[in-house]
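Reader: I keep meeting terms that sound precise, and I'd like to know what stands behind them. Could you take me through some?

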Amino acid sequence: MKIIWTFTLLMIPGVVSSMSLTGFSGGEVNITCKYDKGYTENKKYFLKEQGSMRRDRIRTNEKDKWVKNDRFSLYDDTSSAVFTVTLGNLRERDSGTYQCGVDIKSGTDPLTEVNLKVITGE
């Protein structure tokens with residue numbers, strides 16, 4: 001049996017929080033990131049750190065609807081001030097460090113670090 005893990009992460013400006021999760025190859029993970037209600041109009045994003053580089057996996061300014069980019073989907077629920085990222089068809093190479101964040105114009109983007117480990121198994 002494959003288990004789908006859902007996590008809610010609170011993003012506080014100026015503070016980087018972090019968490020770890022494990023998913024199974026072929027399955028999916030859902031990551032729910034909470035943000036300050038003052039940022040409902042801002043872009044939301046999910047990126048992967050690769051060495052000193054950061055590569056967007058999905059970024060959107062769309063509100064209250066699903067946006068898809070390859071195996072990544074993002075839904076920004078502005079009434080609850082949370083956005084959910086779903087990564088489907090997990091692969092071992094998806095393991096690594098990600099960040100979900102809110103794009104703000106001045107100051108440091110509030111970020112949540114997500115350490116994902118994808119394992120193969122039943």
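**Putting the terms to the test**

Author: Let's begin with Glu49, which is partly exposed at a relative accessible area of 24%. Before we go on: this is a predicted model, where local features need pLDDT of at least 70 and side-chain atom pairs count only at pLDDT 80 or more, while totals for chains, interfaces and linings use all residues. Residues are numbered from 1 along each chain as its sequence is written, and side-chain values use heavy atoms, leaving out hydrogens and water.

Reader: What makes Glu49 partly exposed?

Author: Buried means under 20% relative accessible area and exposed means over 50%, with partly exposed in between (1.4 Å probe, protein chains only). The 24% of Glu49 falls in between, so partly exposed is the right label.

Reader: And why does Arg54 count as exposed?

Author: Its relative accessibility is 52%, which is over 50%.

Reader: How do you know that Arg54 forms a salt bridge with Glu49?

Author: A salt bridge needs a side-chain nitrogen of Lys or Arg within 4 Å of a carboxyl oxygen of Asp or Glu. The closest N and O atoms of Arg54 and Glu49 are 4.0 Å apart, so the pair qualifies.

Reader: How many salt bridges does a search of the whole structure find?

Author: The search finds 7. Another one of them joins Lys63 and Asp76, at 3.6 Å from N to O. This pair links distant parts of the chain, 13 residues apart: Lys63 is in the loop between strand 5 (53-60) and strand 6 (66-69), and Asp76 is in strand 7 (residues 72-77). Strands here are DSSP runs (E, at least two residues), numbered from the N terminus.

Reader: Why is Asp76 called buried?

Author: Because its relative accessible area is 1%, under 20%.

Reader: What makes Arg71 and Asp94 a salt bridge?

Author: Their closest N and O atoms are 2.8 Å apart, so they meet the 4 Å limit. Both partners are buried, Arg71 at 13% and Asp94 at 5%. As for networks, salt bridges that share partners join Lys44, Lys63 and Asp76 into one.

Reader: Last one: how do you know that a polar contact joins Thr86 and Asn30?

Author: A polar contact is a pair of N or O atoms within 3.5 Å; within protein, one must be able to donate a hydrogen and the other to accept it, and residues adjacent in sequence count only if both atoms are side-chain atoms. The side chains of Thr86 and Asn30 are joined at 2.6 Å, so the distance fits. Thr86 is found in strand 8 and, at 12%, counts as buried.

Methods. Helix = DSSP H or I, 4+ residues; strand = E, 2+ residues; numbered from the N terminus.
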